[in-house]
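Please open the model in your viewer and keep the sequence panel visible. The tour moves from the whole chain to selected parts of it.

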Amino acid sequence: MRRHVFLLLSLGTFAAAMTVPGTPAAAAEQPYFAAQRAGDRPPMGWNSWNKFACDINEQRVRDAADTLVTSGMRDAGYQYVNVDDCWAEQNRTADGKLEANHTKFPSGIKALADYMHERGLKLGIYTSAGTLTCQKTMPGGLDHEEVDAQTFADWGVDYLKYDNCNNEGRPAIERYTKMGDAIKKTGRPMIYALCEWGENKPWLWGRESGAQLWRTTGDISDSWGSMTGILDQQVGLEKYAGPGGWNDPDMLEVGNGGMTDAEYRSHFALWALLNAPLLAGNDLSTMSAATKSTLENKDIIALDQDWAGAQGHKIRDDGDTEVWAKPMSDGSTAMVLFNRSDVATTISAKATEVGVQASKSYRVRDLWSGAETESAGSLNVWVPRHGSAVYRVWPARFPNAAPLTTFALQAPEYATTSKPFTAALRLTNSGSTPLAAGLVKLGVPAGWKADGRPEAIVPIVLPGKSWERAWTVKPVSPNGDHVTVTASAEYWTAWGQRKLTADNSALIVKAPSPGVNPLSKAPFLSSENGWGPVERGMSNGETEAGDGKPITIGGVTYDDGLGVHATSKIRFYVGGGCTSFSSFVGHDDEQPVGSVAFQVLGDGKELAKTDVLKAGQPAQHLTAALTGVQVLDLILTDGGDGSTSDHADWADATITC
Ligand code: GLA
């Protein structure tokens with residue numbers, strides 16, 4: 001053992017004496033000859049809509065600006081403070097101008113713009129390329145483009161979001177170009193952000209209309225289903241983006257409460273990789289430390305703001321796991337290894353596969369932890385459920401850091417209080433130098449016991465190799481609704497000692513009772529839903545739990561069932577002892593438009609499905625045999641046309657056991 005440590009330490013001294021290849025981690029500076037103009041990089045800032053909707057006033061907007069300054073967000077790059085819908089009086093003034101709502105913005109918009117400018121910030125405003133805005137609380141800009149653009153310029157506005165509601169069916173390109181021309185005519189530099197929802201492929205004509213941004217989809221909501229659904233619609237759009245014109249997958253939901261911190265980190269990293277505008281949409285005054293550190297992660301912001309502006313794209317899609325990559329202006333590659341599955345898993349990619357120049361060695365920076373390691377070419381990472389590893393990778397001439405090491409702690413998604421489960425640890429060395437003299441420990445909670453000693457010695461893990469060991473964890477006197485296992489590893493490298501930790505959690509489940517079980521009363525293993533939570537016994541109301549209406553499909557009302565919004569997935573533990581599933585499924589009548597498709601999976605295999613069902617169509621009776629099935633998944637997709645208005649129900653959903 002000692003001998004290995006000695007050898008490793010000697011190698012470290014040798015490596016440290018050589019010059020360091022690669023370039024600094026921070027984004028390379030824009031070349032001095034390229035003067036920066038508005039829109040050269042994706043704008044960053046805050047927008048009132050996602051958190052406050054119409055509940056806005058000048059104090060709230062000023063508070064947001066103050067917090068941008070005090071929280072350090074302004075200095076991290078967040079510059080625009082954007083007021084969304086509902087800021088103006090319902091009617092124009094006698095001379096045809098917009099004016100700020102007297103109650104909500106008594107000091108007027110010019111004063112608000114001054115407030116921003118005094119603090120090194122900029123002001124954004126909103127209207128619609130229609131007769132009214134979406135909330136119908138104020139006039140839209142259609143046929144008033146010149147007067148409105150000039151009013152905004154006179155007030156000192158720096159950014160206009162131009163929505164698509166109440167557009168009278170008039171051609172989009174014409175409507176949006178008119179406002180683009182009007183803004184140009186004012187002579188004031190303003191970011192012009194089209195909010196056309198991707199209906200007429202604005203990535204093809206957005207730039208010519210004068211815009212620097214174009215929304216590519218319908219509205220985001222604060223849910224995993226919505227965020228991933230929007231992500232999927234970005235595939236293939238990367239070729240249309242670049243300095244001066246950006247695809248906009250909508251504003252950030254980070255910190256709004258509907259996703260986990262791991263999900264928000266994925267959202268933020270993927271939006272940065274997509275060169276999306278980074279417009280925070282949370283209440284800045286109450287944000288958690290986790291939200292703040294996500295939004296202020298400078299290494300990830302640097303991906304978004306890289307001066308070359310090459311939008312990242314999906315390199316590989318393995319179903320539940322995805323690899324996304326973005327070429328950076330300094331020759332490095334940024335990558336997001338994204339785990340969409342319900343359990344933590346290992347994701348692997350080759351440096352050359354994501355576009356890093358082939359080399360003997362690679363410098364790897366983990367953009368969440370800041371840790372720098374070395375890889376011989378493989379990037380193996382252990383990624384939590386719905387989480388993502390974000391790496392920036394540079395070619396290097398020789399190893400100059402401790403090896404990239406993955407510490408995986410595998411545990412099942414669920415456990416019962418009557419059976420043991422397996423927890424497995426794996427230490428993988430993806431570097432070019434060994435790791436040695438390791439000590440690994442497994443921790444199990446009170447009420448559970450691991451077989452054998454919880455510690456294990458790892459003499460050496462050579463480059464490209466793994467060490468692994470599994471423990472059987474038995475219930476002794478279990479309690480609580482989870483069993484969380486933890487692990488730590490300490491080992492030596494040529495660059496000193498390293499410590500890693502890992503944890504994983506299994507939900508404690510119980511088999512359903514014999515007989516007919518309504519699923520509205522059954523616990524969920526997990527649930528995902530496009531807007532608001534999955535509702536029990538009512539339709540989907542889009543926001544809070546319990547805000548739905550009676551379930552109604554094709555004119556028929558049902559007393560029971562599950563109300564969902566595309567895209568949605570509900571997982572149930574059914575324990576292998578049930579025989580059948582039954583439900584009447586369809587689009588809920590509360591939305592006059594929308595289209596959805598239902599799918600039932602047993603242990604990941606399709607058991608039943610519908611074709612696309614549209615608003616107003618009668619319910620379809622969906623049944624499936626469940627013999628031997630452990631986990632049932634109820635899935636709702638958007639019918640292939642985006643998830644707008646997709647309210648749907650699993651009416652009278654039951655399992656017979
Ligand atoms: C539309 C937009 C949203 C928001 C609302 C305001 O739905 O797409 O981003 O601006 O209008 O009403």
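Begin with the whole chain: of its 657 residues, 54% count as buried, where buried means under 20% relative accessible area, exposed over 50% and partly exposed in between (1.4 Å probe, protein chains only). This is a predicted model, in which local features need pLDDT of at least 70 and side-chain atom pairs count only at pLDDT 80 or more, while totals for chains, interfaces and linings use all residues. Residues are numbered from 1 along each chain as its sequence is written, and side-chain values use heavy atoms, with hydrogens and water left out.

**The whole chain**

Display the C-alpha trace. Along the principal axes, the C-alpha atoms fill a box of roughly 85 × 70 × 40 Å. The radius of gyration, taken over C-alpha atoms, is compared with a globule rule of 2.2 Å times the number of residues to the power 0.38. The chain has 27 Å, which agrees with the value near 26 Å for a compact globule of 657 residues.

Switch to the cartoon view. The chain holds 12 helices and 39 strands; these are DSSP runs numbered from the N terminus, with helices being H or I of at least four residues and strands E of at least two. Of the contacts (heavy atoms within 4.5 Å) with a separation of 6 or more, 72% join residues 24 or more positions apart.

**Strand 38 and its partners**

Select residues 631-637, which form strand 38; six of its seven residues are buried. Two strands pair if DSSP finds at least two bridges between them. Next, add residues 568-573: this is strand 32, which pairs with strand 38 in the antiparallel sense over six bridges. Within this pairing, Arg571 stands opposite Asp633 of strand 38.

Then add residues 595-602, or strand 34. Strand 34 and strand 38 run antiparallel and are joined by six bridges. Here, Gln599 has Ile635 in strand 38 as its bridge partner. When side chains are shown, recall that in a regular strand they alternate between the two faces of the sheet.

**Gly561**

Finally, select Gly561, which lies in strand 31 (residues 561-565). Is Gly561 buried or exposed? Gly561 is buried, with a relative accessible area of 1%. Show its surroundings: leaving aside residues up to four places away in sequence, Gly561 touches Ser520, Glu535, Arg536, Gly537, Met538, Ile551, Trp650, Ala651, Asp652 and Ala653. To end, draw a distance from its C-alpha atom to that of Ser583, 22 residues apart along the chain; the separation is 8.1 Å.
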